[in-house]
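Please open the model in the viewer and keep the sequence panel visible. The tour begins at the ligand and then moves to one helix.

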Amino acid sequence: KYNLEHISTGDLFRKHLNEGTELGKSAQKYMDDGFLVPDEVVIGMVDDKIQSSTGANGFIFDGFPRTINQAEALDKLLNSKGNPISGMISLEVPFEELKKRLLERGKISGRVDDQNEEKIDNRIQVYLKETLPVSQYYKNQNKFNAIHGVGSIDDIFNNICEVIDSLKIEK
Ligand code: AMP
C-alpha cells in the first residue's frame with residue numbers, strides 16, 4: 001500500500017542460516033535458544049540492507065530495534081541520511097495469546113525457537129528485560145503508537161494504516 005520495504009531482522013537471520021553464511025552460523029546459537037543476537041551484528045546487517053535497497057518510499061522495520069542500543073544506533077544511521085524514524089508501532093497482544101500463536105506456528109514454521117514452551121518463556125523474559133524499554137525510548141520522542149493486536153487481520157491492518165496516515169513523514 002505504501003511502497004515501503006519490509007526489513008525483518010529475524011527473516012534476514014533465517015535467510016543467512018539457510019544459506020550457511022558466517023553471519024548465519026554466528027547467529028544460530030542465540031536464535032535457537034531465544035536470546036538476542038549481539039547488537040553490533042544486527043546493526044551491521046541492517047545497515048547493509050538499507051545501503052543495498054533501491055526504489056522504496058521508506059522502510060518498515062520488523063523485530064528491530066530490540067534494544068535501546070539498537071534504537072540509538074538506528075537513529076544515528078538514519079539521521080546521518082537526513083531520514084529519521086517517522087513512528088514506532090507496538091502491536092500489543094497478551095502473553096498467553098502469543099504463546100498459543102507461537103506454538104501453533106511452530107507446527108508449520110519448523111522454527112526451533114517456536115517448538116517448546118520453555119524457549120517461548122525465555123523469549124518473553126528477554127522481551128521484558130531488553131525490548132520493552134525501547135517503547136519508552138520512542139515515547140520520549142513522541143513517536144510511540146500502540147495497536148491492539150488481537151482481532152481480525154483486516155481490522156488490525158486498518159488500524160495500522162490509520163497510524164501510518166497520521167505520521168508526519170519528511171520527504
Ligand atoms: P524473530 O523472527 O523476530 O522472532 O527473531 C528470531 C530470532 O532472531 C530472535 O529470537 C533473535 O535471536 C534473532 N533476532 C531477530 N531480530 C533481532 C534483533 N533486532 N536483535 C537481536 N536479535 C534478533
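How many nonpolar, polar and charged residues does the shell around the ligand have? This is a predicted model, and its ligand shell has 7 nonpolar, 4 polar and 5 charged residues.

**The ligand and its shell.** Select the ligand and display its surroundings. There are 16 residues around the ligand, and those that come nearest are Thr-9, Arg-14, Phe-35, Gly-63 and Gln-70. Next, colour helix H1, residues 9-19: with 4 residues, H1 contributes the largest share of the shell.

**Three arginine side chains.** Select Arg-14, where a side-chain N or O atom lies 2.9 Å from an oxygen atom of the ligand. Proceed to Arg-66; here the corresponding distance from a ligand oxygen to a side-chain N or O atom is 3.1 Å. At Arg-111, a side-chain N or O atom is likewise 3.1 Å from an oxygen atom of the ligand. Now show the ligand surface: on its own the ligand has 480 Å² of accessible area, of which the protein covers 93%.

**Helix H4.** Select residues 68-80, which form helix H4. At 1.5 Å a residue, these 13 residues should span 18 Å, and the end C-alpha atoms are 18 Å apart, so the expected and modelled spans agree. Within H4, highlight the buried residues Gln-70, Ala-71, Ala-73, Leu-74, Asp-75, Leu-77 and Leu-78. Gln-70 is also among the residues that come nearest to the ligand. To see what the buried residues of H4 pack against, add helix H3 (39-51), strand S2 (58-62) and helix H6 (117-140).

Finish just after H4 at Gly-82, which takes a positive phi of about 70°.

Technical notes: Residues are numbered from 1 along each chain as its sequence is written. This is a predicted model: local features need pLDDT of at least 70, side-chain atom pairs count only at pLDDT 80 or more; totals for chains, interfaces and linings use all residues. Side-chain values use heavy atoms; hydrogens and water are left out. Helices (H or I, at least four residues) and strands (E, at least two) are DSSP runs, numbered from the N terminus. The expected span of a helix is 1.5 Å times one less than its number of residues. Buried means under 20% relative accessible area, exposed over 50%, partly exposed in between (1.4 Å probe, protein chains only). Contact means heavy atoms within 4.5 Å. A residue is near a molecule or strand if one of its heavy atoms lies within 4 Å of it. A polar contact is a pair of N or O atoms within 3.5 Å; within protein, one must be able to donate a hydrogen and the other to accept it, and residues adjacent in sequence count only if both atoms are side-chain atoms. Accessible areas come from the Shrake-Rupley method with a 1.4 Å probe; for residues, only the protein chains shown count as cover. Ala, Val, Leu, Ile, Met, Phe, Trp, Tyr, Cys and Pro count as nonpolar, Asp, Glu, Lys and Arg as charged, and the others, Gly among them, as polar.
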